[in-house]
Amino acid sequence: MAKVTMTVNGRQVSGHCDDRTLLVQFIRENLGLTGTHVGCDTSQCGACVIHMDGKSVKSCSILAAQAAGSTITTIEGLAADGELHPVQAAFKANHGLQCGFCTPGMVMTAVDMIRRHQGQLDEATVRAELEGNICRCTGYHNIVKAILAAAAEMSGARVAAE
Amino acid sequence: MGVEGIGARVARKEDKRFLTGKGRYTDDMSVPGMKYAVFVRSPHAHAKILKVDASAAKDMPGVIDVLDGKQILADGIGNLICGWMIHSKDGSPMKMGAWRPLAHETVRYVGDAVAIVVADSVAEARDAAEAVVVDYQELPVVIDASKALEAGQPQLHPEAPNNLIFDWQIGDESETDKAIATAAHVTEVTIHNNRLSPNPMEPRAALGIYDAGDDHYTCYTTSQNPHVARLVMSAFYNVAPENKLRVIAPDVGGGFGSKIYIYPEEIVCLWASKRTGVPVKWTSDRTEAFLTDAHGRDHVSTVKMAFDANNRIIGLKVDTIANLGAYMSLFSSAVPTYLYATLLSGQYDIPAIHANVRTVYTNTAPVDAYRGAGRPEATYLLERTMETAARELGVSPAELRRVNFIRSFPHQTPVIMNYDAGDYEASLNAAMQAADWNGFAARKAEADRRGMKRGIGMSCYIEACGIAPSAAVGSLGAGVGLWESAEVRVNAVGTIEVLTGSHSHGQGHETTFAQLVADRFGVPIDSVNIVHGDTDKVQMGMGTYGSRSGAVGMSAVVKALDKVEAKAKKIAAHLMEADESDIVIENGELKVAGTDKAVPWFQMALAAYTAHNLPAGMEPGLKEGAFYDPANFTFPAGCYICEVEVDPDTGRTKIVQFVAADDFGNIINPMIVEGQVHGGIAQGIGQALLEGVHYDPSGQLLTASYMDYAMPRADDLPSFQVSTSNTPCPNNPLGIKGCGEAGAIGSPPALINAITDAIGNNALTMPATPQKVWAAAHAAK
């Protein structure tokens, strides 16, 4: 049992866990943040994507202990003051989700993707970037649409702000 | 239609919770004292269990108990069953072998559950599961269905000699043989329909909670039909009587058929909760899902299609062997029979059809319905055969289909189904136009100049949805009725709850069912809540599969709304001293037509509950229920066109365009319908291009992770061009046909027809991997 401390969604949290505890288990079981999902055992599906120190990370591929001291954002921490993040809003407007299970990972991946590309995305790039996130419901059509719409909106807002 | 009514493109009410991490799936559930289960599973595809020794495991840290097959047998928990009786053509009933929730004598596939370990944590349970020593005596294995029928092969169940479950037929064999004998041309093909793993992204899970104080069980589980789960667990598995068993299917992360069935794990978790005195939660990992979720498809068929001199089909003869795996899953017998062979007429006027189907036990995971269930197999068989015939006859694939289309309705096929409405030419024309079929030659020439092989293929599908008229399916062997129930509760302040026996696991019922109410009463959808998935809240229901929630589930809601509307009008008429026949409901008000008199909806509702001033003899309250039993199946149909480019150097197929033109009848929410089509097409493309379950000859599953089983990813797929036409279904009040499975049904043959067109070789099986396509392309040279 190790004591692990990290900042999650803006709050410092601690918990005791086995050394072998994965970050995703720590988030789900210790912190009760069940929006982060486990869809496979081989870090392929991306349902567990969170942000660690600003970058998207599959939380099934890292130990909780390795994340000690880091700053984590989970899907629960993305919307500010009850307002959906532009990526969340775009997924809703474009029907980019059905059963919702892959959705948290998709959204967290999309936020990081848009950030890295500074909102300059095209369909081929979005599809290539989604290589690590599997959805079985949507055929990706509306997920791609939602990410492009969110990227356009966010980069438009960024340009306007500059 | 109003901004939120029928036909409106309303964004989903349920989205916010999924987008913010507030969805509540079974594995998210936590109750005080809860412990975790891991199953000990057979590593052998076929073996005798000589001994289960859990003594070391029980001493390991955190372990509460280890329970095995002898204990569950001693406690009287019953066998898993198949709920649809099929009789062989000799009149004998299907040969159902025993499926124990925990095997105690014989294991028959890799993954067969042998024992359950309950511990303080998943990790401790897993450690202990590895310490359970099971002494197996290995037996010979057979995984191929055709081979399993041969003499001298390993026998899975003593009840089923030669592993044959049933040998069934439909149609008129002598008329079909006559047609073939007199035909101007007979096209003969062998069709393989590859075995698939459904792969909803949420793995199956179950939380069993036994309350000793009330002798009552609660089961949270990943089910498409919690009421059926309760019925089966109560009536057949002897877990608990229905009044002592509550089944809750909360948010469910996709199903695609695989979550219809009642599996061993939920039964064992409930039983183990009583045995251990603690709530027991089990969550499948992905490898377990590949091993134990019911697989789909796995047919091999030979086909003879007979044509007269005018290219009209005069007969179709099909011989199919269907692999049902090691045990008969809940609806496994219906899939290769009444959900398959009854659709072999396709969109075509075929006077004589005969199909023979043999189903077979093998040492593989059970096979049952997967998105489309039987209808993709029928469509793939027919549409590959039509394409082959067009090539043999030297006519265009579109013309061959046109010549044979059914053009008047109702149409009685020779294989039971009575098509009620359709316009197949409209879908074909729409698809060809959207795909710019006539411009293909120029695109092909351009691709040739780049050294790429371009091909185009089509598929005209029909399916039967709205499952199903209870008396009809009862006469065909179904153990249940396939109606649906609804209850509409108007609260005293006018807000509304709709209780439905349908279950949403991605389909958006919380929005579309609310749209029905908004349409009827002019109230905002935010004032309407849809309640589903809990046997304590909704009395009874048959669940969601077979694209039945719209055609059947919503029809039940419509019937209940009719009753609510009638009573609401009576109350309003009384309050306004008007005749109830003059009352109209618009924009949240009950008005006297032609006057300015109106009562707001909420005021009428309040009057129903204060009961201070109701018509004489009227009961207080406003709550109505209905059961709806469909009069017929519904028949969605359409045309899909796929255009591909194959790289002759690598065999890689790129889909350059995919067009779907569907006739779903009336549509409640086009945005959701399009989403269903997109997802279906992706699964169909997955089947045709990527996916395939593979066992090695010893029965080890080689495709047991996402590293080995090729799921469609975003860059495997194009964006889709989808459109709909509409011949309303005449057999339900909303004119709905259903849209959930069409994409998975129509797309595989369109894709394979396109690839075989591109490479000039018709001999290609699914999945058309680059290796197979390269070999076929080079064999064609």
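## Chain A at a glance

Reading from the N terminus, chain A goes β-β-α-β-β-β-α-α-α-α. That adds up to five helices and five strands. Keep in mind that this is a predicted model.

How does the radius of gyration of chain A fit with a compact globule? It agrees: chain A has 16 Å, and a compact globule of 162 residues would come in near 15 Å. Along the principal axes, the C-alpha trace spans about 45 × 35 × 25 Å.

## Inside and surface of chain A

Buried residues make up 56% of the 162 in chain A. If you look at contacts between residues at least 6 apart in sequence, 57% of them link residues at least 24 apart.

On the outside, chain A shows an accessible surface of about 6,400 Å², with 49% of that belonging to carbon and sulfur atoms. As for charge, there are 13 positive and 15 negative side chains, and the centres of these two sets sit 2 Å apart.

## A strand pair in chain B

Over in chain B, take a look at strand β3, residues 63–68. Five of its six residues are buried, so the strand is largely enclosed by the rest of the structure. Its partner here is β5(B), residues 113–119: the two run antiparallel and are joined by five bridges. For a landmark, find B:D68, which stands opposite B:A115 in β5(B).

## Two glutamates, two settings

B:E266 belongs to helix α8 of chain B, residues 264–276. Is B:E266 buried or exposed? With a relative accessibility of 6%, it counts as buried, because the cut-off is under 20%. Beyond residues up to four places away in sequence, B:E266 touches B:R204, B:A206, B:C219, B:T221, B:M233 and B:Y261. The C-alpha atom of B:A229 is 9.4 Å from that of B:E266, with the two positions 37 residues apart along the chain.

B:E580 sits in the loop between α16 (549–576) and β22 (583–586) of chain B. This glutamate is partly exposed, at 37% relative accessible area. Leaving out residues up to four places away in sequence, B:E580 touches B:K569, B:K570 and B:A573. B:S547 is 33 residues from B:E580 along the chain, and their C-alpha atoms are 37 Å apart.

## A buried histidine

B:H354 is part of strand β15 of chain B, residues 353–361. Its relative accessible area is 2%, which makes it buried. Setting aside neighbours within four places in sequence, the contacts of B:H354 include the run B:Q169, B:I170, B:G171, B:D172 and B:E173. Also among them are B:T176, B:L316, B:K317 and B:V318.

## Backbone oddities in the loops

Most residues other than glycine have a negative phi, and most peptide bonds are trans. Here are some spots in chain B worth checking against that.

Which peptide bond leading into B:P410 is cis? The one from B:F409, with omega near 0°. B:P410 lies in the loop between α11 (397–404) and β16 (411–412). Another cis bond joins B:I467 and B:A468, with omega about -5°. For B:A468, the place is the loop between β18 (453–462) and α14 (470–475).

Then there are the positive phi values. B:N238, not a glycine, has a phi of about 60°, and its loop runs between α7 (226–235) and β11 (245–248). B:I416 has a phi near 75°. You'll find B:I416 in the loop between β16 and β17 (418–419), where it is partly exposed, with a relative accessible area of 38%.

Conventions. Residues numbered from 1 in each chain as written. Chains lettered and ligands numbered in written order. Predicted model: local features only at pLDDT ≥ 70, side-chain atom pairs only at ≥ 80, totals over all residues. Heavy atoms only, no water. Helix = DSSP H or I, 4+ residues; strand = E, 2+ residues; numbered from the N terminus. Rg over C-alpha atoms; globule rule 2.2 N^0.38 Å. Buried < 20%, exposed > 50% of the residue type's maximum accessible area, 1.4 Å probe, protein only. Contact = heavy atoms within 4.5 Å. Areas by Shrake-Rupley, 256 points an atom, 1.4 Å probe, with all protein chains shown as cover. Lys, Arg positive; Asp, Glu negative; His and termini not counted. Charge placed at Lys NZ, Arg CZ, Asp CG, Glu CD. Pairing = 2+ DSSP bridges.
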